[in-house]
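Let's take a walk through this structure together, one element at a time. Have the sequence and the model open as you read.

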Amino acid sequence: MTRTIRSLTESDWPAVWPIIEAVCREGETYAYPLGLSEEQARGYWLEPPPGAVVVLEEDGEILGTAKMGPNRPGHGDHIGTASFMVAEAARGRGVARALGEHVIAWHREHGFRGIQFNAVVESNAPAVHLWRKLGFEIVGTVPGAFRSPAHGEVGLHVMFLPLG
């Protein structure tokens, strides 16, 4: 088994789009519109410089993707942010953890002072657990800010990892 995390290329998009489409169709982890078109997905996911988009590839198959960059422009660009999506068949295999560790290292290498996740769905227990294990803290929760198909209105956590 050979795992690689590398920059997303145009030729990767046909493998990344089904991951994004499936995650959005589930409707449990992202506040993206249901029925998201491929073109909309490109607009949401492809992070322009100074950000980056990566894929995790295992034996030639893309199992997950992450995007990262500044959380805000200007006076807020010293704090980063990131988003992650993992193929359903690859969940529970350490893909999100590997991507998370990569994203933390990327932010450190690029001089960011911290990483802020703006909207971690409260009912997404695996993500909340993973981010806490990687050192993130919940610094606040917006009650009822996410409409989960399975759980109704749930909170969105703001999570933070200081890097300085």
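A word on angles before we set off: an axis here is a line fitted to C-alpha atoms, for helices over the stretch in contact, and an angle runs from 0 to 180 degrees between N-to-C directions. Please also keep in mind that this is a predicted model.

With that in hand, look at one pair of helices. Helix α3 and helix α4, the latter made of residues 125-133, pack at an angle of about 40°, and their axes lie 11 Å apart. Angles under 35 degrees count as roughly parallel and those from 65 to 115 as roughly perpendicular; α3 and α4 are therefore oblique to each other. Their crossing is right-handed. On the α3 side the contact is made by A96, R97 and G100, and on the α4 side by L130, W131 and K133.

Now stay with α4 for a moment. Which of its residues are buried? They are A127, V128, L130 and W131. These residues cover an arc of only 165° around the axis, which puts them on the same side of α4. The face turned away from that buried side carries the exposed residues P126, H129, R132 and K133. A general point about helices helps here: an α-helix has 3.6 residues a turn, so residues three or four places apart point the same way. As for what covers the buried residues of α4, the list includes β4, α3, β5, β6 and β7. Just after the helix comes G135, with a positive phi near 105°.

Several of those covering elements are strands, so let's turn to the sheet. It is an open sheet of seven strands, in the order β1-β2-β3-β4-β5-β7-β6, and its pairing is mixed. The edge strands are β1 (3-7) and β6 (137-148), each of which pairs on one side only. On average, neighbouring strands of this sheet are turned by 25° against each other, direction ignored.

You can trace some of the pairings residue by residue. Strand β2 (residues 52-58) and strand β3 (residues 61-70) pair in the antiparallel sense over seven bridges. Here E57 has I62 of β3 as its bridge partner. Toward the other end of the strand order, β5 and β7 are also antiparallel, paired over six bridges, and V120 stands opposite H157 in β7. The pairing of β6 with β7 is antiparallel too, over eight bridges. These two strands form a hairpin, with three residues between them. Within it, E137 has F160 of β7 as its bridge partner, while I138 stands opposite M159 in β7.

Next, see how helices lie on this sheet. Helix α3 (residues 95-109) lies across β1, β2, β3, β4, β5 (114-121) and β7 (152-162), and runs at about 30° to β3. Helix α2 (residues 38-45) lies across β2, β3 and β4 (79-86), running at about 50° to β3.

How is α2 arranged, and which of its residues are buried? A41, R42 and W45 are the ones in question. Seen down the axis of α2, its buried residues fall within an arc of 105°, so they line one face of the helix. On the other side of α2 you will find E39 and G43, both exposed. The buried residues of α2 pack against α1 (13-26) as well as β2, β3 and β4.

That brings us to α1 and its meeting with α2. The two helices pack at an angle of about 95°, with their axes 11 Å apart; α1 and α2 are therefore roughly perpendicular to each other. W13, W17 and I20 in α1 meet E38, A41, R42 and W45 in α2. Notice that A41, R42 and W45, met above as buried residues of α2, appear in this contact as well.

One last stop takes us back to α3, where E101 is found. Is E101 buried, exposed or partly exposed? Its relative accessibility is 40%, so E101 counts as partly exposed. E101 and L8 are 93 residues apart along the chain, and their C-alpha atoms are separated by 17 Å.

Methods
Residues are numbered from 1 along each chain as its sequence is written. This is a predicted model: local features need pLDDT of at least 70, side-chain atom pairs count only at pLDDT 80 or more; totals for chains, interfaces and linings use all residues. Side-chain values use heavy atoms; hydrogens and water are left out. Two strands pair if DSSP finds at least two bridges between them. Helices (H or I, at least four residues) and strands (E, at least two) are DSSP runs, numbered from the N terminus. Contact means heavy atoms within 4.5 Å. Buried means under 20% relative accessible area, exposed over 50%, partly exposed in between (1.4 Å probe, protein chains only). The arc is that of the directions from the helix axis to the C-beta atoms. Angles under 35 degrees count as roughly parallel, over 145 as roughly antiparallel, 65 to 115 as roughly perpendicular and the rest as oblique. A crossing is left-handed if the near helix is turned anticlockwise from the far one by less than a right angle, and right-handed if clockwise.
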